[in-house]
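Student: Could we go through this structure together, with the reasoning behind each label spelled out?

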Amino acid sequence: MSATQQQEDEIAESVPVARARGLLASAKNHMVLIFVALFLALVWLFAGDNWLLILNVTMVTAIATLGLNVLSGYAGQISLGITFFMGIGAYTAAVLGGNPPVFPGDPVGLNLSFLIWLPAAGIVAALAGALVGPTALRLKGFYLAIVTLALVFIGLYLFKNARSITGGPQGRAFPVPGFGDFTFASPTTVLGLDLSSNQWYFLLLIVILGLVALFVHNVMRSRAGRAFQAVRDNETGAAIMGVNLFQAKMSAFILSSFLAGIAGALWAVYPGSYAEPNTWNLVLAIQFVAAMLVGGVASVWGSILGAAFVFGLPLALDTFSLIPQSTSNTGLTSGDLSAIIYGLLIIVFMLFEPGGIVALIRRIQTRIQRSEQRRKGGVAGDTISTANSAASSE
Amino acid sequence: MNTQNPPNTATAGATPDQPLLLLVENVTVRFAGVTALDGVSFAVRRGEIFAVIGPNGAGKTSLLNVLSRVYQPQSGSVTYDGRDLLRLRSHQMAAAGVARTFQNLGQFPLTTVMDYLLLGRHAHMRSTVLLGGLYFGPTRAEERSNRAYCQHVLDLMNLARFRDAPLGSLPFGVQKRVDLARALAMQPRLLLLDEPVAGLGGEESRDLAAILLDLKEQTGITQVLIEHDMAMVTGIADRILVLDFGRVIAEGSPAEIQANPDVIRAYLGQELQNQQLETGQ
């Protein structure tokens, strides 16, 4: 044992312990998972329609936030254009799954199955991404942000004017997911259970969100995801590792657009199956950016938490009137108030916890573990701070 | 790497009849009026350790950046293994069997050691976004076998204990060895080393020199290293090229270089003076 060997032993002990690789790995996490599943089952069975609406909205927006996180969080390509791809996905769903026109001016609809129009919404949005990507991805940072911002306005213009597809400014009806006679939008009795529309949608959305989250998690722990993150961290370095920068960025752009398309179709369908072209606006796009930043950049759980925070929470505050409504026309509306709160939150998180809520939770976990170790009489290993270093590696 | 043999200088310079792997001819690089490399030519044989030395600003790093396709030279040619290297894109170098290490680390501070090595395996893996997302069958097998390969490299380099640590949390010397391990995980035929011992202490430098010699003897990987540390270079290199102000001023065996008056004037003299000042002699 030489001197450096001993030093290395000390270093090795002070280095953060391996973080669980799987999305739901480790026995402790399994316990948490079972608890969460039980809790969700209880919520699903007994929660009121208000709560289910909040959860469902959170799940739909979580899918879009995951899509944005793939491109901006993992691959580091700033995008404000997610609503453009959501719109493309939504109108693909509308054309393929919508009702055939009754009167001459009605928007088109082919009345195809939900099993066709939902994947198609993702695929067409991904194709749009593949079309726009080669031009947009020549730019970096702010310039890419500006180009994707322009996409939103191009989208708004197209959506308002393509009347036969979008119904024009007053909007159009969207298809309702279902199989044969069954639809997710109508209450049905199964095995003696009276299930409401929101309960059905809850089931549908939790399955889709689960699949999407697992897919993104898998991508990020395999070759393509490592390339995304290398491109984000250092382009020259990534190229030297053999990563084709253009290919990696395009892959991220296409996957991101695919998820945005799926989320867009669901966002148009749930809850009212009706949307105006103005739905796909810049404010919504920025809300997704906020959800990603507040929840956790480059994190699957962070995307879900961020969506809950930015989309679920205001809905909850509104639904249960937790914020006093403004009575005069000149005062703050609840919309203004939430815009101010979210602006402030983004700034606070950027300044004090760039890793988002996920990093905050991990920091607290680490602190609890340390204090437990100390109580057991173990050595307090604070030599190297672990909370930050492990934050965005997942 | 105390488990390995000390540097064996007896075998150095034993590759004169090996065929060429790398041929650099008349390479010139200019930046806005500054000539970083001025008609540099040299040849590297298979299996040798070829060192490029020179004082600060001599063009060493520019040369390495040309060889790893970060810089495009204004004129000249680079032939690697019979092909025109300058026609490859920088991301194609890994697949062509050229790996390089970094002088200044910190490009990937949050990446864990294992993920860094796996990133180095990028060109050896195939799975795409779709296959990776589904993560079944071939992708899972590929991931597993490459993980095993990286674990093997980490074991060899005595780095297994740092496997799950983020690079940024490790001391500089360990990071340097991880970076070398990553380059080796790329299974290169030509290894470009950018100041491998810069910033390391005496013992760490000697360990690293021993690793490089072991690599030469056990794997036969051709190494081109640029370095500041004259003692380290003369200890392990088969041949040395000396650059000054972007031009080649000498080329030869370590003994020839040490005896060359131009080199002593341009580089060694200054170095010796510094050493004498430092040691107070």
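Student: What makes a residue part of the contact of chain A with chain B, and how many does each chain give?
Tutor: Two residues are in contact if their C-beta atoms, placed from the backbone, lie within 7 Å. By that test, chain B gives 39 residues and chain A gives 37 residues. On the side of chain B that touches chain A, α2 (93-96), α3 (113-120), α4 (129-134), α5 (137-156) and α7 (202-219) each supply at least two residues. Helices here are DSSP runs of H or I with at least four residues, strands are runs of E with at least two, and both are numbered from the N terminus. This is a predicted model, where local features need pLDDT of at least 70 and side-chain atom pairs count only at pLDDT 80 or more, while totals for chains, interfaces and linings use all residues. Residues are numbered from 1 along each chain as its sequence is written, and chains are lettered from A and ligands numbered from 1 in the order in which they are written.

Student: How do the residues of the side of chain B that touches chain A divide by class?
Tutor: There are 17 nonpolar, 15 polar and seven charged residues on that side. Ala, Val, Leu, Ile, Met, Phe, Trp, Tyr, Cys and Pro count as nonpolar, Asp, Glu, Lys and Arg as charged, and the others, Gly among them, as polar.

Student: Why is strand β9 (residues 239-244) of chain B called mostly covered?
Tutor: A residue is buried if 20 or more other C-beta atoms lie within 10 Å of its own, exposed if 12 or fewer, and partly exposed in between, with C-beta atoms placed from the backbone. Five of the six residues of β9(B) are buried, so the strand is mostly covered.

Student: Which strands pair with β9(B), and how do you know that they pair?
Tutor: Strands pair if DSSP finds at least two bridges between them. Strand β3 (residues 49-53) of chain B has four bridges to β9(B), in the parallel sense, and Ala51(B) stands opposite Ile240(B). Strand β10 (residues 247-252) of chain B has five bridges to β9(B), in the antiparallel sense, with Leu241(B) opposite Glu251(B). In the hairpin of β9(B) and β10(B), Phe245(B) takes a positive phi near 50 degrees.

Student: What makes β2 and β5 (83-84) of chain B edge strands?
Tutor: They belong to an open sheet of four strands in the order β2-β1-β4-β5 (chain B), paired antiparallel. β2 and β5 of chain B each have a single partner strand, so one side of each is left without a neighbour in the sheet. Eight bridges join strand β1 (residues 20-31) of chain B to strand β2 (residues 34-45) of chain B, and Leu22(B) has Val44(B) as its bridge partner. Five bridges join β1(B) to strand β4 (residues 75-80) of chain B, where Leu23(B) stands opposite Thr79(B).

Student: What is the handedness of the crossing of α5(A) and α11(A), and how is it decided?
Tutor: The axes of helix α5 (residues 114-136) and helix α11 (residues 245-269) of chain A come within 7 Å and cross at roughly 140 degrees. Axes are lines fitted to C-alpha atoms, for helices over the stretch in contact, and angles run from 0 to 180 degrees between N-to-C directions. A crossing is left-handed if the near helix is turned anticlockwise from the far one by less than a right angle, and right-handed if clockwise. The crossing of α5(A) and α11(A) is right-handed. The contact of these helices has 16 nonpolar, seven polar and no charged residues.
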